[in-house]
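Trainee: Please pick one part of this model and look at it closely. After that, go through the parts around it and the rest of the chain.

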Amino acid sequence: MDQQKVMEFLGRFTADLAATGAAGGVAIGHRLGLYRALAQGPATPDDLAARTGCHARYLTEWLRGQAAGGYVAYDPATTAFHLTPEQAFCLADPAGPDLPAASVAVLGYLRAEPRLAEAFRTGAGIGWHEHDEDVHVGTDAFYSAGYVAELVPSWIPALDGVVDRLVAGARVADVGCGLGSSTVLMAQAFPASTFVGSDYHTGSVDLARKRAAEAGVADRVGFEVAAAQSFAGGPFDLVTMFDCLHDMGDPVGAARRVREQLAPDGTWLLVEPAAADRVEDTFTTVGRLFYAGSTFLCVPNALSQDGGHALGAQAGEAAVRAVVQEAGFTRFRRAVSTPFNAVYEIRP
C-alpha cells in the first residue's frame, strides 16, 4: 500500500466531507438572505447582524466557514468579510445562476437517504412527489437560471424554423413542466403563442398555475395534471421536455405520445443532462454531480413507475437516440451543447 496515495485519498475525502457540510451553510445563507445582505458591502459579524437581524455569534461561525470554503472574502486588516463581484453574481444576484438553490435541492434529497438505503435492498422506487418540498423548489430555482440564460437566446433559435412559428403564433406543450418556469418563460418571450404545461405531480402544477398568474400570462398558459404518456390537446407545433425524460419509467411510451400529439411538421425540443456515451467519460465533476442526483432522484422515480426503464441522468446521446427511434421518430440531432445540457431537435 502506497502511503502517499492513502494521504491523497484522505485529502480528497476530507474536502468532500467539508463540502457536504458546507451545503448546509449555503442553504442557510440562501434562506436568511445573508449573501444578499453581504453583497451590500463589507461587514463584520456585528454589521451583518444589524443588516439581517440574525445573531452575531452564529454569523461569526457562518462567515468564517464561508471564507474557509472560498465563498466569501476576508480582510484581516479590517476583520470584515465581503463578496467579490464573481461571488456576488453566483450567490446573491437575482440574474445569476442561483447556486444556493442547488444546495437546497441536495439537502432536500439527502433527507430521503434512510428510505433510499432500504430501496437499494428491495428495488422499490421513490416517486418525485414523495420527496421533501425543498427538492421541488430548489431544483426548479437552480434549473430556471439556466433556462433564463439559454432557452430563448440560444436553444430555441437553434431549431429550424421554430422561432418564426412561435412569433407568428404556435401551440406548445411543455411536458414534465414541474413548477412551470420554462412554460412561463416561453410564454413571456412569444406572446402570440399559447402554451399547455403538464406534470404528473399535482403540487407542482398548483404552483405553476400560481406563477403563471403572477407573471400575467395565465390567459395564454394552462397547466394540467397528466403523465407524459397520456398528455393530450394536440396537435402541437412544438413539444418541449426539460431535464425529465430520463426520470421516467416509460420514456419510450412518453416519446410515442409526443409523436401522437405532434403536428406532422412539428418539432420536439428535448433537453437532457450532458453525458458521454462511454461510462469512463462520465467520470467528471459534472458527471459526479449528476450521478448523485440520479441515485437519489432520477432512478428511484423511474423505478416507482411502470415501464421497466431507468435511464438515469447520465444516459448519454446514444441511449436517448435509441428511445426516440424506438418511438418512431426519424430525425434526431443535437442542436446545442452546454456544460450541463444536451439540446436535441427531434422530428417525425
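Mentor: Domain bounds here come from an automatic or database domain assignment. For this chain, which is a predicted model, the assignment gives domain 1 as residues 3-92 and domain 2 as residues 101-347. The C-alpha centres of the two domains lie 33 Å apart. Contact between them involves 7 residues of domain 1 and 7 residues of domain 2.

The part to look at closely is helix H13, residues 285-303. H13 has 19 residues, and its first and last C-alpha atoms are 26 Å apart, close to the 27 Å expected at 1.5 Å a residue. The helix nevertheless has a kink of about 55 degrees, centred on Ser-294. Ser-294 is itself one of the buried residues of H13. Gly-287, Phe-290, Gly-293, Phe-296, Leu-297, Cys-298, Pro-300, Asn-301 and Ala-302 are buried as well. What do the buried residues of H13 pack against? Their partners are three helices, H6 (99-110), H7 (113-122) and H8 (133-155), and one strand, E7 (262-273).

Strand E7 also contains Thr-267. Thr-267 has 2% relative accessibility and therefore counts as buried, the cut-off being under 20%. Leaving aside residues up to four places away in sequence, Thr-267 touches Leu-159, Val-162, Asp-237, Leu-238, Val-239 and Leu-262, and also Glu-345, Ile-346 and Arg-347.

Strand E6 (236-242) comes after a loop that begins at the end of strand E5 (221-225), and Pro-235 lies in that loop. The peptide bond from Gly-234 to Pro-235 is cis, with omega near 5 degrees.

Now the aromatic side chains. The structure holds 11 aromatic pairs. One of them joins Tyr-74 and Phe-81: the ring centres are 4.7 Å apart and the planes stand at 40 degrees, so the pair is tilted. Tyr-74 is partly exposed because its relative accessibility is 40%, whereas Phe-81, at 4%, counts as buried. Another pair, Tyr-147 with Trp-155, is edge-to-face, with 6.1 Å between centres and 70 degrees between planes. Tyr-147 and Trp-155 are both buried. They belong to a cluster linked by ring pairs, which also takes in Phe-142, Tyr-143 and Phe-242.

The cysteines can be dealt with next. The structure holds 0 disulfides. For Cys-177, the nearest cysteine sulfur is that of Cys-244, 9.0 Å away. Cys-177 is also the closest cysteine to Cys-244, and the 9.0 Å between the sulfurs is too far for a bond. Cys-177 counts as buried because its relative accessibility is 7%; Cys-244, with a relative accessible area of 9%, is buried too.

Two backbone details remain. Thr-79 is not a glycine, yet has a positive phi, near 55 degrees. Thr-79 sits in the loop between strand E1 (73-75) and strand E2 (80-82), and at 41% relative accessibility is partly exposed. Asp-98, likewise not a glycine, has a positive phi of about 50 degrees. Asp-98 lies in the loop between helix H5 (85-91) and H6, and H6 is one of the elements that the buried residues of H13 pack against. Asp-98 counts as partly exposed because its relative accessibility is 24%.

Technical notes. Residues are numbered from 1 along each chain as its sequence is written. This is a predicted model: local features need pLDDT of at least 70, side-chain atom pairs count only at pLDDT 80 or more; totals for chains, interfaces and linings use all residues. Side-chain values use heavy atoms; hydrogens and water are left out. Rings of Phe, Tyr and Trp (its six-membered ring) pair if their centres lie within 6.5 Å; planes under 30 degrees apart count as stacked, over 60 as edge-to-face and the rest as tilted. Buried means under 20% relative accessible area, exposed over 50%, partly exposed in between (1.4 Å probe, protein chains only). Helices (H or I, at least four residues) and strands (E, at least two) are DSSP runs, numbered from the N terminus. The expected span of a helix is 1.5 Å times one less than its number of residues. The bend at a residue is the angle between axes fitted to the seven residues ending there and the seven starting there. Contact means heavy atoms within 4.5 Å. A disulfide is a pair of cysteine sulfur atoms within 2.5 Å.
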